[in-house]
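Here is a briefing on one protein model. Please look over the sequence and the structure first, then read on.

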Amino acid sequence: MMLKSAPNRPRHAQRAFTLIELMVAVVVVALLASVALPSFMDSIRKSRRSEAFAALSAVQQAQERWRGNNASYTTALANTAASGSPPNGLGLPATTSSGYYTVALSDATATGYKVTATAVAGKSQADDGICVRLRIEMAGGNIVYGSATAAGAFDTSANNRCWAR
C-alpha cells in the first residue's frame, strides 16, 4: 500500500499582515479621517449655533416684555437693582447654557436695541468663521439678523449663511 504524501506546505503557515499591508491600511484610515474630521467639526459648530439662537431669542422676547412696561428697551441683561427697588434688567445670564457664547445688549433706545452672541475664545465655536458673532438688531420695529467674524463688520444681507431662513 502506497502512502500519499501531504502537499508541500510549511508546517507553521503565517497568518498575519505584512508590514506593508499594515502601513497601507494606516494611510487609508488617515486619509479618511483627514476628510471626515473637518466636516464633522463644521456640523458640530453649526448645531451649537442653535444655543446662540435660543439665547438671542430669549433676550428678544424679554426685551418686548420689558418694553411693554417701560418707555424704552434696557441694556441690562441681569437684574442689578438693589433689593426693594424694581428690577432694571431682564434677569437673563450673560453666557449661554453650555458656555459657548457670551451675550451682550447695546444701543438700547425707545425704538430699538442690538443683542450680540459672541463665541467664547478658546472653545471650538471660536473657529466658526463668519459665524463667530451673531446679532439681532431691532430698529423701529424691524428686525435685522447679522453675523461676523471675530473682528469684522456684520453681514446683514439676505444670503447670510449663518441664519437659516
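How much accessible surface does the protein have, and what share of it belongs to carbon and sulfur atoms? The accessible surface comes to about 11,100 Å². Carbon and sulfur atoms account for 60% of that surface. Keep in mind that this is a predicted model.

**Confidence**

- The mean pLDDT of the protein is 82.
- A pLDDT of 70 or more is reached by 85% of the residues.
- Among the secondary-structure elements, confidence is lowest in H1, with a mean of 87, and highest in S2, at 92.
- Where pLDDT is low, the predicted coordinates should not be read in detail.

**Overall layout**

- The protein has one helix and four strands.
- Along the sequence, these elements follow the pattern α-β-β-β-β.
- The protein has 165 residues, and 28% of them are buried.
- Take the contacts in the protein with a separation of 6 or more: 42% of them are between residues 24 or more positions apart.

**The sheet**

- The four strands form an open sheet in the order S1-S2-S3-S4, with antiparallel pairing.
- Strand S1 (101-106) and strand S4 (142-148) are the edge strands, and each pairs on one side only.
- On average, neighbouring strands of this sheet are turned by 15 degrees against each other, direction ignored.
- Strands of a sheet pair through backbone hydrogen bonds, either parallel or antiparallel.

**Strand S3 and its partners**

- Strand S3 covers residues 133-139, and strand S2 covers residues 112-119.
- S2 and S3 pair in the antiparallel sense over seven bridges.
- Two pairs of residues help to locate this pairing: threonine 118 stands opposite arginine 133 in S3, and alanine 117 has leucine 134 in S3 as its bridge partner.
- S3 is also joined to S4 by seven bridges, and these two strands run antiparallel.
- On that side, leucine 134 stands opposite serine 147 in S4.
- Leucine 134 thus has a partner in the pairing with S2, alanine 117, and another in S4, serine 147.
- The hairpin of S3 and S4 has two residues between the strands.
- In that hairpin, glycine 140 takes a positive phi near 60 degrees.
- Is S3 largely enclosed or open, and why? Five of its seven residues are buried, so S3 is largely enclosed by the rest of the structure.

**Glutamine 63 in the helix**

- Glutamine 63 sits in helix H1, which spans residues 19-69.
- Is this residue buried or exposed? Glutamine 63 has a relative accessible area of 0%; the cut-off for buried is under 20%, so the residue counts as buried.
- A polar atom of the glutamine 63 side chain lies 2.8 Å from the backbone oxygen of threonine 74.
- Which residues does glutamine 63 contact, leaving aside neighbours within four places in sequence? They are Tyr73, Thr74, Leu90, Leu105 and Tyr113.
- Of these contacts, Leu105 falls within strand S1 (101-106), and Tyr113 falls within strand S2 (residues 112-119).

**Serine 57 in the helix**

- Serine 57 also has its place in helix H1.
- Serine 57 is partly exposed, because its relative accessibility is 27% and that class lies between 20% and 50%.
- What separates the C-alpha atoms of serine 57 and isoleucine 136? The distance is 8.6 Å, although the two residues are 79 residues apart along the chain.

Definitions and conventions
Residues numbered from 1 in each chain as written. Predicted model: local features only at pLDDT ≥ 70, side-chain atom pairs only at ≥ 80, totals over all residues. Heavy atoms only, no water. Pairing = 2+ DSSP bridges. Axes fitted to C-alpha atoms, helices over the stretch in contact; angles between N-to-C directions. Buried < 20%, exposed > 50% of the residue type's maximum accessible area, 1.4 Å probe, protein only. Contact = heavy atoms within 4.5 Å. Areas by Shrake-Rupley, 256 points an atom, 1.4 Å probe, with all protein chains shown as cover. Polar contact = N/O pair within 3.5 Å; in protein donor to acceptor, adjacent residues only side chain to side chain. pLDDT = per-residue confidence, 0-100.
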